[in-house]
Each structure stands twice: as C-alpha cells, then as structure tokens.
Amino acid sequence: MDEQGILQQVFFQRWREVFNGVLAGYGGVTALTTAEREAVPMMLVVIEVIFTAFFSGKGMMDAARSGVDMTNWLYNNRSVLRQIVAGR
C-alpha cells in the first residue's frame, strides 16, 4: 500500500472512531429511531453540501474543494455508513 492509501486508511479509522462517539453520545440522550438511523448517511451528505456551499460563498475555495471531496466520499460510502450506524 502506498503512502496515500495508508493515510486514507488512518483517516477513515479516526473518522469512524469520532463518528461512533457522536452516535454513542446521541444514544446516551435518546435512542435513534429506525427512520433516523436510515436517514443518517444521506443527512451527512447533505450537511457536507451545505458546508461546501458556505465555503464557496465565502471564497474559501480550498475548503470548498475539500467539501466536494468529502461529499463524494460520504455519498460513495453510504453502505459503510449504514453498517456503522447499525453497529456492525
């Protein structure tokens, strides 16, 4: 595996830890309904689109490009996100 692949793997592992922490924190307050769990992957995509539009509107093009990359990553990995939300 090249350096870029290793960095992506480390990023994903750290991101998954943070995401699991967010889910656990929310679950400590109230349980997600089935509909909410099913909505999480696309909700994350939409939130990232909003961030991307904000950064673009502020002329922060590096952050906007990063937002586009993250939007694409989230969208392309919806099945992985569903598994994480399901606790697998």
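**View 1. A nonpolar patch sits on the surface of this predicted model, built from Met43, Ile47 and Phe51.** Taken together, Met43, Ile47 and Phe51 offer about 270 Å² of accessible area. Methionine 43 belongs to helix α2, which covers residues 34-57. With a relative accessibility of 44%, methionine 43 falls in the partly exposed class, because that class runs between the 20% limit for buried and the 50% limit for exposed.

**View 2. Phenylalanine 11 meets tryptophan 73, one of six aromatic pairs in the structure.** The two ring centres are 6.5 Å apart and the planes stand at 80°, so this one is edge-to-face; the label applies because planes over 60 degrees apart count that way. Phenylalanine 11 comes from helix α1 (residues 3-29) and tryptophan 73 from helix α3 (residues 61-76), so the contact ties together parts 62 residues apart in sequence. How accessible is phenylalanine 11? Its relative accessibility is 42%, so phenylalanine 11 is partly exposed. Tryptophan 73 is partly exposed too, with a relative accessible area of 23%.

**View 3. Tryptophan 73 also pairs with phenylalanine 12.** Here the ring centres lie 5.6 Å apart with the planes at 50°, so the geometry is tilted. That name fits because 50° is neither under 30 degrees, as stacked would need, nor over 60. Phenylalanine 12 is in helix α1 and tryptophan 73 in helix α3, so this pair links parts 61 residues apart in sequence. Phenylalanine 12 has a relative accessible area of 21% and is partly exposed; the cut-off for buried is under 20%. Step back a little, and Phe11, Phe12, Trp15, Phe19 and Trp73 turn out to form one aromatic cluster.

**View 4. Arginine 78 lies over the face of tyrosine 75.** Which distance goes with this arrangement? Arginine 78 is at 3.9 Å from the ring centre of tyrosine 75.

**View 5. Arginine 14 and glutamate 17 make one of the structure's two salt bridges.** The N to O distance between these side chains is 3.2 Å. Both residues sit in helix α1, three residues apart, or about one turn of the helix. Arginine 14 reaches 51% relative accessibility and so counts as exposed, given that exposed means over 50%. Glutamate 17, at 42%, is partly exposed.

**View 6. The other salt bridge joins aspartate 62 to arginine 65.** Their closest N and O atoms are 2.7 Å apart. Which helix holds this pair? Aspartate 62 and arginine 65 are both in helix α3, with three residues, about one turn of the helix, between their positions. Aspartate 62 is exposed at 61% relative accessibility, while arginine 65, at 48%, is partly exposed.

**View 7. For context, here is the whole chain: four helices and zero strands.** Reading from the N terminus, the elements go α-α-α-α. The C-alpha atoms fill a box of roughly 40 × 35 × 20 Å along the principal axes. Of the 88 residues, 22% count as buried. The chain exposes about 6300 Å², and 60% of that comes from carbon and sulfur atoms. What share of the contacts between residues at least 6 apart in sequence joins residues at least 24 apart? That share is 65%.

Notes:
Residues numbered from 1 in each chain as written. Predicted model: local features only at pLDDT ≥ 70, side-chain atom pairs only at ≥ 80, totals over all residues. Heavy atoms only, no water. Helix = DSSP H or I, 4+ residues; strand = E, 2+ residues; numbered from the N terminus. Buried < 20%, exposed > 50% of the residue type's maximum accessible area, 1.4 Å probe, protein only. Lys NZ or Arg CZ within 6 Å of the ring centre and 35° of its normal. Salt bridge = Lys/Arg side-chain N within 4 Å of Asp/Glu carboxyl O. Patch = residues over 30% accessible without salt bridge, like charges linked within 9 Å, V, L, I, M, F, W, Y side chains within 5 Å. Areas by Shrake-Rupley, 256 points an atom, 1.4 Å probe, with all protein chains shown as cover. Contact = heavy atoms within 4.5 Å.
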